[in-house]
Amino acid sequence: MDRAAFHKLCFILQSVCGLKCSRRVSVPEKVAMFLSILAHHTKNRCVKFAFKRSGQTVSKHFHVVLNSVLRLHAMFLVNPQPITEDETDPRWQSFQGCLGALDGTYIDVHVPITEKGRYRNRKGQVSVNVLGVCDKNMRFVYVLTGWEGSAADSRVLRNAINRANRLKVPTGNYYLCDNGYPNCEGFLTPYKGVRYHLNEWTSRRPQTHQEYFNMKHTRARNVIERSFGLLKMRWGILRSPSWYPINTANKIIMGCCLLHNYIRNEMLFDPLEGGLDEYMLNQPDADSNTNTDVVDSLDTTVEWTSKRDYMALNMFNDWSYAAAV
């Protein structure tokens, strides 16, 4: 975050959230302590020496700023725009009506020993399963955190579209997602049993419309993987389990996502994005109008499967014709 974005954030927290200077600590200092802990996963005792404040003061203002940032969710979360016919990005041109991509990621946490069984994921780590939904510019549209690491991705998504503060997918639009989710209205998955991952397309061209669709799908859907990668690069507190209680840890995850969006919107150039590809190589595999009709179920339908087949055939035929010419 550059200096201009930092001071603007302080102004927003003051004017919108009512964050005020205390007797001895200014708003910029409060925000600086907060960002230092998020970005570097700095321990409380280190921050108190760096800022020459007591540990109690650091802890108090960390939670005050965190709660203030969470009040900005309506301002910082983006309203996605569907892909149109005049889209110029070749990764997205074939997915008209698409709003972005979604996936889940694991964030390691500390929980009481009696709770570890529920939070242990399929990789054996104690974590929460975070559902992230982003647009094509790697900005988060919706984030749902709090589910245990043992929860299946499809279960988390089902909860996301049925809860009070739900993920809204207007009828006719959709998000790209992997095969951990059902191929149903509003959520478009690749073909199962067909090559899919990006590294599988380096040596051989697609031979069928299913393979070509999967190749285009993975190149576009990769935006959510990159969003998670950039999020964890930016905020060190997400790369290793913090000692905050689980409720506070979930607030921290949401706060990091909101600030990620703020930085993406305010800074013309994101300095971390240049190192994103190298970071990804080192990682394991890894509000709209309330009157609008929205998707509220995850039931696979023949109509949606036929829609995917129709899209795949059109993509493959256009590509084959262009290659022949």
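Trainee: Which helices do the buried residues of H2 pack against in this predicted model?
Mentor: They pack against helix H1 (3–15), helix H3 (44–51), helix H4 (55–70) and helix H9 (246–266).

Trainee: What makes H2 largely enclosed by the rest of the structure?
Mentor: 10 of its 14 residues are buried, so the rest of the structure largely encloses H2. Among them are Val-27, Met-33, Phe-34 and Leu-38. Glu-29 and Lys-30 are buried too.

Trainee: How do you know that the end-to-end distance of helix H2 (residues 27–40) agrees with its expected span?
Mentor: At 1.5 Å a residue, H2 should span 20 Å. Its end C-alpha atoms are 20 Å apart, so the two agree. His-41 follows H2, with a positive phi near 50°.

Trainee: Why is H8 called roughly perpendicular to H11?
Mentor: The axes of helix H8 (residues 209–234) and helix H11 (residues 302–324) cross at roughly 95°. Angles of 65 to 115 degrees count as roughly perpendicular, so the label fits. H8 brings His-209, Tyr-212, Phe-213 and Lys-216 to the contact. The contact residues of both helices divide into eight nonpolar, one polar and two charged.

Trainee: How do you know that Cys-98 is too far from Cys-177 for a bond?
Mentor: A disulfide needs sulfur atoms within 2.5 Å. The sulfur of Cys-98 is 9.6 Å from that of Cys-177, the closest cysteine sulfur, so there is no bond. Cys-257 is in no disulfide either: the nearest cysteine sulfur, that of Cys-256, is 7.0 Å away. The count is zero disulfides.

Trainee: Why is Cys-257 called buried?
Mentor: Buried means under 20% relative accessible area. Cys-257 has 2%, so it counts as buried.

Key:
Residues numbered from 1 in each chain as written. Predicted model: local features only at pLDDT ≥ 70, side-chain atom pairs only at ≥ 80, totals over all residues. Heavy atoms only, no water. Buried < 20%, exposed > 50% of the residue type's maximum accessible area, 1.4 Å probe, protein only. Axes fitted to C-alpha atoms, helices over the stretch in contact; angles between N-to-C directions. Helix = DSSP H or I, 4+ residues; strand = E, 2+ residues; numbered from the N terminus. Parallel < 35°, antiparallel > 145°, perpendicular 65-115°, else oblique. Contact = heavy atoms within 4.5 Å. Nonpolar A, V, L, I, M, F, W, Y, C, P; charged D, E, K, R; others polar. Expected span 1.5 Å × (residues − 1).
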